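Colleague: Could you walk me through this model before I head back to the bench? I'd like to take it one question at a time.

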Amino acid sequence: MSIILKILVIYLIGIAIGILLFVFTDIKKEYVDIVSGVFEGVKSEDFEGINIIANGIKNNIVYIGILYFSLITIIAPLIICLFVILKAIVTGIYICTLYSVFGIFNGILVSIVSVIIPTFFSLVGYVIICTNIINLFKLISQGEKADIKQLLKHFYFLLISVSLISFSIVLEQLMTGISLKIYTNIL
């Protein structure tokens with residue numbers, strides 16, 4: 001099984017865990033209240049979308065830095081799996097929360113525009129990053145030295161990944177307007 005397929009399977013398992021956590025634990029009300037509160041705040045105030053985008057990009061760069069920092073450990077692939085599962089669990093819980101707030105039909109629509117479309121771009125970015133890190137880990141653990149050409153290739157993939165992840169954050173912010181209109185119409 002390829003590295004990419006393994007990462008995608010791990011991500012799907014994480015989403016399933018997030019859904020199960022939402023359905024079978026008492027976190028439903030808390031998350032529904034948080035998401036509803038965010039939509040109410042956005043609806044009632046003139047919020048600064050650019051701050052949300054900047055914070056999202058900053059948080060993702062820190063996350064990526066931690067993933068790359070895992071290279072100094074002997075368990076980097078396990079750390080990457082853990083981080084992928086945690087990110088996916090959050091996605092699973094968030095999708096369930098949207099269904100609880102918006103209902104089935106509107107929940108499908110909001111999930112597609114606010115989660116699935118932006119997540120596609122960020123997931124491609126993260127799969128590239130995780131694959132990159134695992135390949136670097138293999139190179140390091142086998143005692144091979146990376147030449148400048150290999151390092152530039154890894155840096156190139158990192159730039160593409162960060163661009164995709166940043167694009168997904170901007171896209172998610174743009175889609176917030178659609179989600180807000182739907183939220184306003186259901187109340």
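What follows is a set of questions and answers about this predicted model.

Colleague: Let's start with the overall fold. What pattern does the protein follow along the sequence?

Modeller: Happy to, and please keep in mind that this is a predicted model. The secondary structure comes to six helices and zero strands. Read from start to end, the pattern is therefore made of helices alone, given that helices and strands are taken as DSSP runs: α-α-α-α-α-α.

Colleague: What share of the residues counts as buried?

Modeller: The C-alpha atoms fill a box of roughly 60 × 35 × 20 Å along the principal axes. The accessible surface comes to about 10900 Å², and 73% of that surface belongs to carbon and sulfur atoms. Buried means under 20% relative accessible area. Of the 187 residues, the share that counts as buried is 41%.

Colleague: Which helix gives the most to the largest nonpolar core?

Modeller: That core has 28 residues, and those touching the most other members are Leu-67, Tyr-68, Ile-80, Val-84, Tyr-126, Ile-129 and Ile-133. Helices α1 (3-24), α3 (49-69), α4 (76-102), α5 (104-141) and α6 each supply at least two of its residues. With nine residues, the one that gives the most is α5.

Colleague: How many residues are in the other core?

Modeller: This second core lies apart from the largest one. Its members include Val-35, Ile-93, Cys-96 and Leu-180. The number of residues in it is 16.

Colleague: Which residues is Val-84 in contact with, leaving aside its neighbours within four places in sequence?

Modeller: Val-84 is among the residues that touch the most other members of the largest core. A contact here needs heavy atoms within 4.5 Å. With the sequence neighbours set aside, the partners of Val-84 are Ile-7, Ile-10, Tyr-11, Tyr-63 and Cys-130.

Colleague: Is Ser-70 buried or exposed?

Modeller: Ser-70 is found in the loop between α3 and α4. Not counting residues up to four places away in sequence, Ser-70 touches Ala-76, Ile-79, Ile-80 and Ile-133. Its relative accessibility is 3%, so Ser-70 counts as buried.

Colleague: On to charges. Which residue forms a salt bridge with Asp-33?

Modeller: A search of the whole structure finds one salt bridge, and its closest N and O atoms are 3.0 Å apart. Both partners lie in helix α2 (residues 28-44), four residues apart, about one turn of the helix. Asp-33 counts as partly exposed because its relative accessibility is 41%, while its partner counts as exposed at 58%. That partner is Lys-29.

Colleague: Why does the pair of Phe-102 and Tyr-183 tie together parts that are apart in sequence?

Modeller: This is one of six aromatic pairs in the structure. Phe-102 and Tyr-183 form an edge-to-face pair, 6.0 Å centre to centre with 75 degrees between the planes. Phe-102 lies in helix α4 and Tyr-183 in helix α6, so the parts tied together are apart in sequence by 81 residues.

Colleague: How are the rings of Phe-120 and Phe-121 arranged, and what is the pair called?

Modeller: Phe-120 is exposed, with a relative accessible area of 52%, whereas Phe-121 counts as partly exposed at 24%. Their ring centres lie 5.4 Å apart and their planes are at 80 degrees. Planes over 60 degrees apart meet the cut-off, so the pair is edge-to-face.

Colleague: Which residues do ring pairs link into a cluster?

Modeller: Rings pair if their centres lie within 6.5 Å. Linked in that way, the members of the cluster are Tyr-63, Phe-83 and Tyr-126.

Colleague: Which residue has its backbone oxygen 2.9 Å from a polar atom of the side chain of Thr-176?

Modeller: The place of Thr-176 is in helix α6 (residues 148-186). Thr-176 has a relative accessible area of 19%, so it is buried. The residue whose backbone oxygen lies 2.9 Å from its side chain is Glu-172.

Colleague: One last thing: which residues does Asn-106 touch, not counting those up to four places away in sequence?

Modeller: Asn-106 sits in helix α5. Phe-167 is 61 residues from Asn-106 in sequence and 24 Å from it in space, C-alpha to C-alpha. The residues that Asn-106 touches are Ile-182 and Ile-186.

Methods:
Residues numbered from 1 in each chain as written. Predicted model: local features only at pLDDT ≥ 70, side-chain atom pairs only at ≥ 80, totals over all residues. Heavy atoms only, no water. Buried < 20%, exposed > 50% of the residue type's maximum accessible area, 1.4 Å probe, protein only. Polar contact = N/O pair within 3.5 Å; in protein donor to acceptor, adjacent residues only side chain to side chain. Salt bridge = Lys/Arg side-chain N within 4 Å of Asp/Glu carboxyl O. Core = buried A, V, L, I, M, F, W, Y, C linked by side-chain atoms within 4.5 Å. Areas by Shrake-Rupley, 256 points an atom, 1.4 Å probe, with all protein chains shown as cover. Phe/Tyr/Trp six-rings, centres within 6.5 Å; stacked < 30°, edge-to-face > 60°.
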